[in-house]
Amino acid sequence: MTKPESDRQYSPGKPGQSDASRIWTDLDLDAEGRQFGYFRLNISTDGRGAALIPIPVASFKNRTGPSVLLLAGVHGDEYEGQVMLMKLIRTLDIANVRGQMIILPGANPPAVMAGKRTSPLDGGNLNRMFPGHPKGSPTEEIACLISTVLLPRVEYLLDFHSGDESRFIIPSAQVYHNEDPDKLDRLVHMMAVFGMPKSTILKGLIDHDKKVISACDRLGVLRFATELGGGGGITPDVLRQAEEGLGRLLFDLGVLRNPVTKKPAPPTEFVQRLPNRQYIYAMASGIFEPYVKIGEEVTAGQDAGAIHFPEVPWHAPWIAKFEESGTVYAVRTRARTEMGDNLFILSVPWNR
Ligand SMILES: [Zn+2]
């Protein structure tokens with residue numbers, strides 16, 4: 001009998017076990033040195049009867065030291081992180097690595113190739129499908145690969161996001177509040193080292209248990225994330241800041257032997273993002289005119305923007321109002337707007 005392909009799986013479960021990831025790879029994640037290749041996700045769809053989705057992965061392993069998983073392209077329409085990790089793969093010197101870095105610059109390839117937040121294969125938003133399922137949809141299978149194969153191998157997850165195609169988010173590092181004061185200190189330190197203009201502590205957001213953070217919390221993995229602008233494109237100075245921050249952070253974590261940048265971290269301001277119930281949503285459909293810009297200070301009661309009605313141009317627009325005072329943390333950049341769309345998110349100073 002020939003050996004089943006599943007023998008190549010890396011999984012805490014036994015290959016072939018029903019709870020083990022079916023995604024396989026030729027890479028040996030335990031091997032020393034630099035490896036490039038793919039995780040292979042089997043699909044069987046119209047016109048692609050026995051096909052696979054290749055998920056690019058690089059492993060840099062040099063003896064013992066910290067282990068770090070770097071993800072971008074969890075959302076396919078967020079580009080800064082994808083570019084940053086592709087550049088890291090091409091420039092990282094294995095001799096300068098201590099421990100291991102596993103890098104997936106396009107974690108959900110169907111979404112990445114389509115330039116969409118979600119996968120065209122199953123409509124899946126990878127960061128709403130954790131812990132995933134080995135027998136689920138393609139996006140659930142990728143979530144399962146991350147939570148059962150990759151995260152158990154590492155101490156840190158660096159997860160690069162930006163505003164999606166329709167929103168610009170203030171260029172920032174981001175972590176979730178942690179009840180353990182030592183871990184929270186560590187996360188705050190990581191953001192200070194990364195040195196974006198703002199550093200955000202998230203608390204009280206919905207769907208926590210569907211996100212990768214829930215898998216990290218269960219495994220004791222520290223998750224550091226970003227919001228690097230976005231809006232469907234790349235802002236050059238934001239990308240440069242993030243690349244320098246990443247170099248500083250990798251050295252600070254101890255996974256680089258020598259620093260790759262001499263630039264000290266610029267000062268950062270610690271903020272907290274107001275939770276979902278306090279977002280400003282469109283309560284009309286039409287053309288959105290924002291009245292304020294990203295980073296602007298606003299006060300409760302202030303007009304935030306207007307939704308105009310092109311079918312009835314003589315009709316007065318619907319006016320959105322800020323209900324709290326704070327800083328504009330995210331702004332919708334796409335004008336066409338449906339009722340229920342998120343227009344603004346505010347941040348306020350962080351109080352621990
Ligand atoms: Zn994202």
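## Close-ups of a two-domain predicted model

**View 1. A four-stranded open sheet.** In this predicted model, 4 strands line up as an open sheet in the order β15-β14-β12-β17, with antiparallel pairing. The edges belong to β15 (318-321) and β17 (336-337), each of which pairs on one side only. Zoom in on β14 (residues 303-308) and you'll find 4 bridges joining it to β15, the two strands running antiparallel. For a landmark in that pairing, look for Asp303, which sits opposite Lys321 in β15.

**View 2. Strand β18 and its partners.** Which strands pair with β18 (residues 342-349) here? One of them is β10, which pairs with β18 in the antiparallel sense over 3 bridges. Val271 stands across from Pro349 of β18. Another partner is β11 (residues 280-281), joined to β18 by 2 bridges and also antiparallel. In this pairing, Ile280 faces Phe344 in β18. Then there's β16 (residues 326-332), which is antiparallel to β18 over 4 bridges. Phe344 turns up again here, this time with Val331 opposite.

**View 3. Where the two domains touch.** The domain assignment splits the protein into domain 1 (5-273) and domain 2 (276-349). Their centres, taken over C-alpha atoms, are 31 Å apart. How many residues of each domain are in contact with the other? It's 13 from domain 1 and 14 from domain 2. On the domain 1 side, the elements that give two or more residues are β7 (167-176) and β10 (269-273). Of these, β7 supplies the largest share, with 4 residues. By type, the domain 1 side breaks down into 6 nonpolar, 5 polar and 2 charged residues.

**View 4. Helix α1 and what covers it.** Helix α1 (residues 80-91) is 12 residues long and spans 17 Å from first C-alpha to last, close to the 16 Å expected at 1.5 Å a residue. Which of its residues are buried? They are Glu80, Gly81, Gln82, Met84, Leu85 and Leu88. The cover over these buried residues of α1 includes both strands and helices. On the strand side, look for β4 (67-72), β5 (99-104), β6 (156-161) and β9 (222-230). The helices among them are α2 (109-114) and α6 (236-253).

**View 5. Glu297 in strand β13.** This close-up centres on Glu297, part of strand β13 (residues 297-298). Is Glu297 buried or exposed? Glu297 counts as exposed because just 11 other C-beta atoms lie within 10 Å, and the cut-off for exposed is 12 or fewer. If you want a distance to check, try Ser119: Glu297 and Ser119 are 36 Å apart, C-alpha to C-alpha, with their positions 178 residues apart in sequence.

**View 6. Stepping back to the whole chain.** The protein has 6 helices and 18 strands. Its C-alpha atoms fill a box of roughly 75 × 50 × 35 Å along the principal axes. The radius of gyration is 21 Å, which agrees with the value near 20 Å that a compact globule of 352 residues would have. As for burial, 44% of the 352 residues count as buried. Among contacts between residues at least 6 apart in sequence, 67% join residues at least 24 apart.

Conventions. Residues are numbered from 1 along each chain as its sequence is written. This is a predicted model: local features need pLDDT of at least 70, side-chain atom pairs count only at pLDDT 80 or more; totals for chains, interfaces and linings use all residues. Two strands pair if DSSP finds at least two bridges between them. Domain bounds come from an automatic or database domain assignment. Two residues are in contact if their C-beta atoms, placed from the backbone, lie within 7 Å. Ala, Val, Leu, Ile, Met, Phe, Trp, Tyr, Cys and Pro count as nonpolar, Asp, Glu, Lys and Arg as charged, and the others, Gly among them, as polar. The radius of gyration is taken over C-alpha atoms; the globule rule is 2.2 Å times the number of residues to the power 0.38. A residue is buried if 20 or more other C-beta atoms lie within 10 Å of its own, exposed if 12 or fewer, and partly exposed in between; C-beta atoms are placed from the backbone. The expected span of a helix is 1.5 Å times one less than its number of residues.
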